[in-house]
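Q: Please show how charged groups, aromatic rings and ligand contacts are to be read in a structural model.

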Amino acid sequence: MRKKTDPARVKRRKKIAVWSFALIMLASLVAPFGGFVITALDSSAVAQEKPADSNPRSNYWRAVKGGVDGVSTVQGAETGVLINQGGTDWTNFRQGPVFKNLPWIVLGMLVLVTLYHLIHGKNKLEKRPSGILVKRWSGFERLVHWVTAVSFICLAITGLSMLLGRTVLLPLLSGIEGGKAAFAAWSQFAIQLHNIMGPVLSVGIVLMIVMWIWFNFPGKGDWGWIKAGGGLVGNKHPSAGRMNFGEKVWFWVICTFGLVVVVSGVVLVLPSFPSMAEYVPMTFDRNNMAEANQFHIIAGLIWMAIAIGHIYIGTAGTEGALQGMSTGYVTAEWAEQHHNLWFDKLQRQGKVPRQPDRYARGHNAVRQRSL
Ligand code: HEM
């Protein structure tokens, strides 16, 4: 009898092992297709297949998902709704297209504004200031503007944190010791701040609308401003009244997007105040809340992106604009360069002083430094 270590015997065993392995692999690859072969050969197998909806339990849950009433322990608007399909649709929409695409427009706007500033630079004053100042904004207008601006920025930061915090902020903080606890504390605070600042912004934009709507209807100079691309096309500064066309667009953005954000925010927060909610003629069910949430996020993000443009123009983009909104006064040269039709009107009304103002020293000092 040959020994187990006999080379010929070992070779034969190896050959059997390799072929067995190859056959097993081939069989496992081919086997899953076997079902197709069987059904192709035996059409009665298909006929005998059970229809997909024959399971009575599946049919029941399908009906429930479709909105058929049942009995649930929920009290109020949605008693009887066992599965709210709208909630699933809302989650998919919020975590899908909204979450994946919309925050990029905010980042895109930041990039655009930075590139514009690097290429174009600041819109500088063309004439050296004489020291004559004209009044552009009253104390009340400035108060409303800055309260609204601060509340808007708080809402934008806390809103973005609520939308993106878990995906962007949490992974960053998790790497630091105590980072998760810090994120939890910040998130709690962010929600509270958002809820407090919401009403502040709402009052602010209503006041802005009442104060400034009169200056923001289409008027003389607008068409020329559009044709000149706000001064980008050609080298002539386009004519403008108290508000130029760009500012008018920003104003109407506040009226539309601002109101959508405020109204949808009210719908989201009112169910927490049932005594107030009962005076509002609408049902606060989860479908309405999900819709309000979608409007709130979409309008809020678009508004934020446009606001970045406004904030840039009001600060680094235009020399002297921020001084106007901080002190209430602009130099006569600034008014003439940016809002010539308004400046002409002030002159006709005798509202442009003949002598340099004592406050002008501050304006001149800023100007001298930047020359
Ligand atoms: C840090 C943030 C902000 C800065 C630095 C800023 C700056 C300015 C400046 C300098 C002006 C005067 C422009 C001029 O004299 O022609 C102005 C006007 C105005 N701002 Fe702001 N702003 C900010 C945020 C906001 C926000 C959040 C809103 C509204 C939600 C807003 C609404 C307005 C409106 C309605 C005007 C009147 C002129 C116009 O229609 O553009 N601002 N802002």
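A: Arginine 242 lies over the face of phenylalanine 215, 4.5 Å from the ring centre. A charge sits over a ring if NZ of Lys or CZ of Arg is within 6 Å of the ring centre and within 35 degrees of the ring normal. The model is predicted: local features need pLDDT of at least 70, side-chain atom pairs count only at pLDDT 80 or more, and totals for chains, interfaces and linings use all residues. Residues are numbered from 1 along each chain as its sequence is written, and side-chain values use heavy atoms, with hydrogens and water left out.

Q: Over which ring does the charged end of arginine 136 sit?
A: The charged end of arginine 136 sits over the ring of tryptophan 342, at 4.8 Å from its centre.

Q: How is a polar contact to the ligand read?
A: A polar contact is a pair of N or O atoms within 3.5 Å; within protein, one must be able to donate a hydrogen and the other to accept it, and residues adjacent in sequence count only if both atoms are side-chain atoms. Here, a polar side-chain atom of glutamate 247 is 2.3 Å from an oxygen atom of the ligand. For histidine 310, a side-chain N or O atom lies 2.8 Å from a ligand nitrogen atom.

Q: How many aromatic pairs does the structure hold?
A: Rings of Phe, Tyr and Trp (its six-membered ring) pair if their centres lie within 6.5 Å; planes under 30 degrees apart count as stacked, over 60 as edge-to-face and the rest as tilted. The structure holds 7 such pairs. One of them, tryptophan 186 with phenylalanine 189, is tilted, at 5.9 Å centre to centre and 45 degrees between the planes.
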